[in-house]
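Please examine the structure shown below. The paragraphs that follow take up its charged pairs, then a charged residue without a partner, and then its pockets.

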Amino acid sequence: MARDDVSPSQQPARGSALGLPAKGPGSLAPFGRRIAAYLVDSVAAAFVAGLVTAPELPRLWSLPAFGVITVVFLVLTGQTPGMRLLGLRLAHPSTGQRLALWRALVRTGLLMLLVPALVVDADGRGLHDRLTDTAVIRDRV
């Protein structure tokens, strides 16, 4: 939140408290791009669940499919298919290491509740990222 006596140009850049650059690769991902990646992953999960439940509609089976797809891809590659498509990745607290399974499970569980993802801090990180000490960053411009 901006104070009245501080001009916007004097405010620290988003992600500076995390040691991230203000712009370009490695900077915090914008909210709109993160939402788009989430939607891509949700559609992919519904498609996978639909393949399993065909000829019936997947109904709520797309939620566990979303969870499995998200956890597996985050642990193995550090990005979900939607993140990859939109040029994003998950920043790990220790550079060069894979995301621990517990971080992926907790983050995905909270993301599936949706509300923690909408509660953001000054940097724009959701509660699910703050609790797991992660951040969604730009992988490319």
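A salt bridge is taken here to be a side-chain nitrogen of Lys or Arg within 4 Å of a carboxyl oxygen of Asp or Glu. In this predicted model, D121 and R125 satisfy that criterion, with their closest N and O atoms 3.8 Å apart. R125 counts as buried because its relative accessibility is 9%, buried meaning under 20% relative accessible area. The pair does not stand by itself, since D121, R125 and R130 are linked in a network of salt bridges. Over the whole structure, a search finds four salt bridges.

Another of these contacts joins the side chains of R107 and D129, with an N to O distance of 2.6 Å. The pair links distant parts of the chain: R107 lies in helix 4 (residues 101-113) and D129 in helix 6 (residues 127-132), 22 residues apart. Are the two partners buried or exposed? R107 counts as buried, because its relative accessibility is 3%, and D129 is likewise buried, with a relative accessible area of 1%.

A further salt bridge is formed by D139 and R89, whose closest N and O atoms are 3.0 Å apart. Here too distant parts of the chain are linked, as D139 belongs to the segment after strand 2 and R89 to strand 1, with their positions 50 residues apart in sequence. The setting of this pair is one of partial exposure: the relative accessible area is 36% for D139 and 33% for R89. Both values fall between the limits of 20% and 50%, so each residue is classed as partly exposed.

Attention now turns to a charged residue that lacks such a partner. D41 is placed in helix 1 (residues 31-53). With a relative accessible area of 6%, D41 is buried. Which side chain of opposite charge is nearest to D41, and how far away is it? The nearest is R107, at 7.7 Å, and D41 has no salt bridge. That separation lies beyond the 4 Å cut-off, so R107 does not count as a salt-bridge partner of D41; the side chain of R107 instead meets that of D129. Leaving aside neighbours within four places in sequence, D41 is in contact with F66, T80, P81, G82 and M83. S94, by contrast, is 25 Å from D41, C-alpha to C-alpha, at a sequence separation of 53 residues.

The segment before helix 1 contains A22. Not counting residues up to four places away in sequence, A22 touches A13 and S27. The C-alpha atoms of A22 and P12 are 8.9 Å apart, and the two residues are ten apart in sequence.

The final subject is the largest pocket, which has a volume of about 410 Å³. It is lined by 22 residues, and those closest to its centre are R89, L90, A91, H92 and P93. R89 is thus found both in this central group and in the salt bridge with D139. Which elements each supply at least two residues of the lining? They are helix 2 (62-77), strand 1 (88-91) and strand 2 (135-138). Helix 2 gives the most, with four residues. In chemical character, the lining divides into eleven nonpolar, seven polar and four charged residues.

Definitions and conventions:
Residues are numbered from 1 along each chain as its sequence is written. This is a predicted model: local features need pLDDT of at least 70, side-chain atom pairs count only at pLDDT 80 or more; totals for chains, interfaces and linings use all residues. Side-chain values use heavy atoms; hydrogens and water are left out. On a 1 Å grid over the protein atoms alone, a cavity is a set of points where a 1.4 Å probe fits but cannot get out, and a pocket is an open set with protein on both sides within 12 Å along at least five of seven lines; lining residues have an atom within 4 Å of a point. Grid points are joined across faces, edges and corners, and a volume is the space filled by probe spheres set on the points. Ala, Val, Leu, Ile, Met, Phe, Trp, Tyr, Cys and Pro count as nonpolar, Asp, Glu, Lys and Arg as charged, and the others, Gly among them, as polar. Buried means under 20% relative accessible area, exposed over 50%, partly exposed in between (1.4 Å probe, protein chains only). Lys and Arg count as positive and Asp and Glu as negative; His and the chain ends are not counted. Contact means heavy atoms within 4.5 Å.
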